[in-house]
Amino acid sequence: MRYIIKRLVMVFPMLIGITIVSYTMLNLAPGDPMTAMMNPEDMAMLSDAQIEAERDRLGLNDPIILRYFSWLREVAQGNLGYSYKTGRPVLEMVIERIPATIAIAATAEIIAATVGITVGIYSALRQYSFFDNLFTIFSFFAVSVPNFFFALMGIFIFAVQLQWLPVFGMRTPGSGSGLTWDLISHMVLPVTALALPHIASYMRYARGAVLDAKSADHVRTARAKGLAEKKVFSGHVLRNAMIPMITIFTLSLPGLIGGSFVIESIFSWPGIGLMGFEALQNRDYPLQLGVTLILATLVLLANLLSDILYGIVDPRIRYD
Amino acid sequence: MTDRTSSINNDDGTVVGGSQPIVPVPGGAPLPTGPTLGDYSEAKSSAIHSPGSRTWRRFRRHKLAMAGAIVILLLVLTAILAPIIAPYDPNAINLMAINQPPSSDHWFGTDAVGRDTLSRAIFGARVSMTVGFFAVAIYLSIAFVLGATAAYVGGKVDTIIMRFTDIIMCFPTFVLTLILVGFLGPSIWNIVFVIGIFGWPGAARMIRSQVLTLRNQEYVQAAQSIGAGRWYILTKHIAPNTLGVMTVAGSLGIAGAILQEAGLSFLGLGVVAPTPSWGVMLNDARDPALLATFPWLWLVPGILISLAVISSNFIGDGLRDAYDVKGHGD
Amino acid sequence: MSYTQIPITRRSILKGTVGTAAAWSIMPTLQAAYAAQDSPVEGGRFTFGNGKPAEPIINPNSTIGTGQNVLIEPLFLRLVYPKLWTEGMNPPDEFELEYAVAESMIEIETDRVWEIKLRENVFWHDGEQVTADDLIFGVWWSLNSKMGSFSETPALNILGGQKLIDEGAEVGDIAVEGLTKIDDFNVRLELTVPTANYWKSWYVGYWPMPVHIFGGMPFDQLYTGEHATVPVGNGPFKAVAFVEDQYMEFEAFDDFYLGRPLLDSMVVRFGDGPTLTAALEAQEIDGMNVGGGATFDRLTTLDYLVGNIVTTPHPNGFVTNFERLPDHAAAINKAIQHAIDVDTINTQLFSNTLTPGQNFLGHMPGMEENPEGWVEREYNPDKAREVLQEAGWDANRTLEWLIIGTTSPLTDAIMAMLAAVGLKAEYRVVDTNAATDELYRETNFDIVMTNFGPYDFMEPNWKYFKTDWTFNNGGFNTAHYANADVDALIQSGLDAGSAEEANEFYKQALLLMNDNPPHATLYRGAWAYVWNTRVQGAWPYQYRQPVRPPFERVWIQES
């Protein structure tokens, strides 16, 4: 319990750190921070003198440290500024897009973990076998080919040539809402393109972890005590090997999100990645920074979750 | 968040999660360490003391790593000698010979404005190699300074540096890179710079844990006991022994940097045309209507990117075994 | 000059820049080699692929010219449409108007005052009748700076218009000096000055807007509420849904004044260029703009796809910045015209879809023929070098070439051609969104490739070369071209009594500009559309086109 509380407390300085990094980025952006803070439609109504007064009120003429704190106050109240392009609150825009991104990112992560770990364990149990080598080579291949290349090939082969799957979009227009076959068929290609490098990643880690665990002292002891190999495997090897998988989950999240920028824009998938990419093209700095801040916060929370899970599955971690 | 690491394999300060080199793969996963192609029993014995000939011998035995090293060496040579090797000027157009299939005149065919694909691919090696090596040089320097300081000074400094590392690791590197390149404008040196300043956290963690291990080694403690100064120990004993971790992180980092450059070029934020780059070439050829018609246009850069990345990964893998950077298990 | 003419690329279509003018150019020519065999069938859905709109606002007062035309034209009708093109995409011999919301117009004073009678059978999609109040409100909105209008088709030269642009008017204070309501269906329109060819220009847009919906709406709700993306219009199709980054869905409007459309529904799906190409090949969409060249050639070899080329009226070419290069800009323009092999570019990269030509007023009625004494500069690198040498151009100097959006094989090819004659250039790439700042406000470039507007009468064309006519005072003279003699001739033309007389002045001005070119005009571009053969009716073979694509006549042939 103490461990979990300690972790929870740690989140706050981390969050502050994330805001500092984001704010520094925001200040590197060319452009007027005033525009980033105010509803552009309100601003259009103001005279120059009023704008100057508003600058003072918002503290934009203050030194950067003070400005950071006033910005932070706004962020704490949920004001991430307004998009240059749409004039809408950034927070609202990002929240709208989260479900679509989660739909493909989470699916990709689950598939990657399931397939990767299964294959990884299989490989480790048959070390140096034909399949082990095959999977290993596959894993190198999967992390060495740019994921947009997988996406293009997927479109070309499965959507254009074979016509098994739709090319783009999230749903066929007018096909209804909810979890439909139409939605699933639209998800297959983007999810696969996102998942492939991660399958490799899980696979290699799982294989390594099982090999490690197999030769760990307590496993040797168990074996020496005459425990059946099956029991050794399920009771000692697998359990110890699976714990580090939580770390892989955490570590793969930023990559998954980075990948969604490319994959969502290829497939016109209406998630955060597509919106973020368009924000980049539009030089919509408030939206860019809002997206970054929120994504980093999500990763941080996922880290927290995995730390807590760690604490639960691996009692050793609570030592301090 | 780093505490969990020292608590899993806490006896030697090795970190299970945190010590893994994080290769910033656009959209991809951090490249795991862990045993892979060569689990040479010899490599598993502790190898920290003598990085010289024994390491080289082990590395040499790692066939794929050797192959990777040869490929990268060839690519570097290609990049340096590009003007000599390339059969044509990479930017010379010939509108009367566009989209030509491979022939004896143009081994890899020509592109949409009749430029020689082979020559462009050769010059493209310059971009990939420059980005790969220079970006990694920048971030290894940052990583070394931060990682070594954290481990060697310890205490509050360690905590602050490692927390900062954790914070940076929360950000999707590729997204930060996209944004900053957007601010600075696309150019090869901006790309090098941006990948460099965001790439270091994984390597910093590796270096930190390596230095932590070294600090507790007998010979370091011995040196301390005979009154050797901190600076002396750091430069004489610690720094040389981090070379292994650095080269491992570096070669995996090169793979990541090449992929990032390709990703940036694909999104139109890469090097400015008409400078040939593999990513730009791939992007130019991405129209699905033309994939089957002019396959040489995407096959050549696609294969080269994958070859360069896979070779760097092999080298990293071989080096890890050779240096036994993370003695898994035993 | 609102967008650069570049072949479609992923980035540009994402931004919707190439799709600009999509709709008014959607009317295709007779490229299709097949004719309809069957009689039209009712029902079915037509799906078009397009870049997503730059902003999620579907409204002619803020979006014409931003790639959304294909979304707006099915929804909203103009007062009248000029018939810009006839067979072979040439201007008609006799000027013709297609009346839409207007039933007829009586000219009260030549080229200045008209009495307009509105149809009594045009309805808004919610059932309300379209009246004179809607017309006045629409014009008021399009001009009123306080309404945040970004219309590219304002009611030009209308009496009181400038005041609305300069000062704006408050919500509810709906009045335009030049539009007097006679009764619900009769309006008197008055311009500030007589304007020749006024109704002939695509540029002049009179869009009635539903005053009963937007009339009392506060400024901040105009572009954000439900009507921002699912507006109530009066066109053949009703907006059903707008799903951001995905698609917009329309359904047939039963009470359309020309009768119910043949289709049941229409969908415009948003995606990036290559992805849409794949979708077209996989028959997920029925049509899109692909740009000429290899993609067009390859797609049209498929038996279920057919291509059609629409020539744009925009002259395309380079602008050289006279402010930065006062001594050399004119020579550079001439050298560019000699250095670029337009014919080869046309055959090799654009499937012969370009219309080479250096006269940048040739798209104005009566100006199609080059004036006597006009010198067309042929492709000749030696000549280009000579011109540069005479002007004392330093071949080691590098020109900054502003690229808005993305480079392409075309720009790479041109760069190589320029380098070959001693004009070294380097790209500076900026996002499409930065175009206003970089190109218009700051004119931050040595050279830039762009187009010079499709306008049919002189005022909007003059924006490109009138002395001191910068963005801030309504002009687009990004070259900072200054030529008092040309200005005087154009002014004389504008003051002239008849179009013929005016054209004589313009031709003299053209000759002066031929010697001292403000731009290096190269060709008129084209949009290349590819359609699934199941799309019938207005597409793809109907050719006597008004500007408004006759969406109501499109039908789908089920196989």
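Where in chain C is Thr407(C) found? The legends below start there; the model is a predicted one.

**View 1. Thr407(C) sits in a loop of chain C.**
The loop in question runs between strand 14 (398-404) and helix 14 (409-420). Is Thr407(C) buried or exposed? With a relative accessibility of 18%, Thr407(C) counts as buried, because the cut-off for buried is under 20%. Setting aside its neighbours within four places in sequence, Thr407(C) is in contact with Asp412(C), Tyr427(C) and Val429(C), and also with Ala273(B) from chain B.

**View 2. Chain C has 18 helices and 19 strands.**
Here's the chain that Thr407(C) belongs to. Of the 559 residues in chain C, 65% are buried. Take the contacts in chain C with a separation of 6 or more: 71% of them involve residues 24 or more positions apart. As for the outside, the accessible surface of chain C comes to about 18,800 Å², and carbon and sulfur atoms account for 45% of that.

**View 3. The second largest cavity has a volume of about 230 Å³.**
Which residues are closest to the centre of this cavity? Of the 22 that line it, they are Lys85(A), Glu278(A), Asn282(A), Lys52(C) and Ala54(C). Helix 12 (272-281) and helix 6 (90-125) of chain A, along with helix 1 (10-15) of chain C, each give at least two residues to the lining. Helix 12 of chain A has the largest share, with 4 residues. The lining is a mix: 9 nonpolar residues, 9 charged and 4 polar. In total, the model has 16 cavities of 30 Å³ or more.

**View 4. Phe130(A) and Phe131(A) make an edge-to-face aromatic pair.**
There are 38 aromatic pairs over all chains, and this is one of them. The two rings are 5.6 Å apart centre to centre, with 70° between the planes. Phe130(A) counts as exposed at 60% relative accessibility, while Phe131(A) is partly exposed at 40%.

**View 5. Trp114(C) and Tyr198(C) form a stacked pair.**
Their centres are 5.9 Å apart and their planes are at 20°. Trp114(C) comes from strand 5 (residues 113-118) of chain C and Tyr198(C) from the loop between strand 7 (186-190) and helix 6 (211-214), so the pair ties together parts that are 84 residues apart in sequence. Both rings belong to buried residues: Trp114(C) has 5% relative accessibility and Tyr198(C) has 2%.

**View 6. Ring pairs build a cluster in chain A.**
Its members are Tyr23(A), Tyr68(A), Phe69(A) and Trp71(A).

Definitions and conventions: Residues are numbered from 1 along each chain as its sequence is written. Chains are lettered from A and ligands numbered from 1 in the order in which they are written. This is a predicted model: local features need pLDDT of at least 70, side-chain atom pairs count only at pLDDT 80 or more; totals for chains, interfaces and linings use all residues. Side-chain values use heavy atoms; hydrogens and water are left out. Buried means under 20% relative accessible area, exposed over 50%, partly exposed in between (1.4 Å probe, protein chains only). Contact means heavy atoms within 4.5 Å. Accessible areas come from the Shrake-Rupley method with a 1.4 Å probe; for residues, only the protein chains shown count as cover. On a 1 Å grid over the protein atoms alone, a cavity is a set of points where a 1.4 Å probe fits but cannot get out, and a pocket is an open set with protein on both sides within 12 Å along at least five of seven lines; lining residues have an atom within 4 Å of a point. Grid points are joined across faces, edges and corners, and a volume is the space filled by probe spheres set on the points. Ala, Val, Leu, Ile, Met, Phe, Trp, Tyr, Cys and Pro count as nonpolar, Asp, Glu, Lys and Arg as charged, and the others, Gly among them, as polar. Rings of Phe, Tyr and Trp (its six-membered ring) pair if their centres lie within 6.5 Å; planes under 30 degrees apart count as stacked, over 60 as edge-to-face and the rest as tilted.
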